[in-house]
Amino acid sequence: MKPIRVLVIDDSASVRQAMTAILSEDPDIQVIAAAADPFAAARYIQDEVPDVITLDVEMPRMDGVTFLRKLMSQRPVPVVMCSSLVEEGSETLLQALEAGAVDVILKPRMGVADHLAEARLMIRETVKGAARARLRPRSASERASERASAPARKLTADAVLPPPTGRAMSRTTEMVVCIGASTGGTEALREVLEALPPNSPGIVIVQHMPESFTRAFAKRLNGLCQVDVKEAEDGDTVMRGHVLIAPGGLRHTMLERQGARYVVSVKDGPLVSRHRPSVDVLFRSAARNAGSNAVGIIMTGMGDDGARGLLEMKQAGARTLAQDEATSVVFGMPKEAIARGAADKTVPLGAIARELLQATAR
């Protein structure tokens, strides 16, 4: 297979050099050019259209979101936004996802060795996922508005908590829904949550995102949806009409049972299925602690995170759903789950909210 051709756009020469070095460590990736601004990038694109573009958010002459909107309206290419911004720049990054960016990564933190090893892996994995993205046509209103340094082996959820043993406790009066998503998931989740009524069952979501970005994502969804949405904190209760988004980057989010109610536990742990938070970890915790009280849903994303966990949920008595290929930006995670026999049903994005409500109805 031909390597994935990447164009790096960043006004910092040191960042361009670092990104080129990180991406070039993977034999499946080839950096064809590095541009200092969108105008130089446009000249490169005229000669050779890359498979993926990594795009800085803040640049002189033209900011990254403006360039992204122009690119998507003229010559759509999978774009990964690359930013050193965290909390204060999250709203801008959300605008970039709305404008058509496939994913968001944080620039590697030079000099922080432990973090750098994981950051390098996630940068490469994100770019490879973007190369497989299915770019959907965007409306006029939308246009306006890790190999070399990776851990020696890919860890499973066993690294965080043991497998389920038998069936979980019997059903309670309430159901809980666990959702996992990655590449393309931010907009897909918005569509699902916007379709839910205010009395929907409690939901816990793992969406692969950089640290400090999930808080702004949850705040944005909270302003759009009838359900209440917030970034999960350790000890939060999972209750009807509320959605908890796992905090990105640093810790895993798990479901625990306290008597007749469910709470989330946000704990440290290694990368699982090359991710933290990991969908596999959330789904396993649901299998162990909720069993047939749970519904598991796996959505668009690259890789196989969540496939094992969804099967464990099904084996524990949960109802399980997978997003279909036609509506997935990247049909990786759902495909792996379906191949393992983990999904009771495969449904298009537009039907997930309805199926969720039906699956949780008594």
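Tutor: Start with a polar contact: N or O atoms within 3.5 Å, where within protein one can donate a hydrogen and the other accept it, and residues adjacent in sequence count only through side-chain atoms on both sides.

Student: What does the side chain of R190 make a polar contact with?

Tutor: The side chain of E187, at 3.1 Å. The side chain of E194 is another partner, at 2.7 Å.

Student: Is this model predicted or not, and how are things counted?

Tutor: Predicted: local features need pLDDT of at least 70, side-chain atom pairs need 80 or more, and totals for chains, interfaces and linings use all residues. Numbering starts from 1 along each chain as written, and side-chain values use heavy atoms, without hydrogens or water.

Student: Which helix is R190 found in?

Tutor: Helix α7, residues 185-194. Helices are DSSP runs of H or I, at least four residues; strands are E, at least two; both are numbered from the N terminus.

Student: Why does R190 count as buried?

Tutor: Because its relative accessibility is 18%. Buried is under 20%, exposed over 50%, partly exposed in between (1.4 Å probe, protein chains only).

Student: What is R190 in contact with, leaving aside neighbours within four places in sequence?

Tutor: R220, L221 and L224. Contact means heavy atoms within 4.5 Å.

Student: New topic. How many residues line the largest pocket?

Tutor: 31. M122, I123, T126, R274 and H275 lie nearest its centre. A pocket is an open set of points on a 1 Å grid over the protein atoms alone, where a 1.4 Å probe fits, with protein on both sides within 12 Å along at least five of seven lines; lining residues have an atom within 4 Å of a point.

Student: Where does the largest share of that lining come from?

Tutor: From α5, with seven residues. α5 spans 113-131. β5 (103-106) supplies at least two residues.
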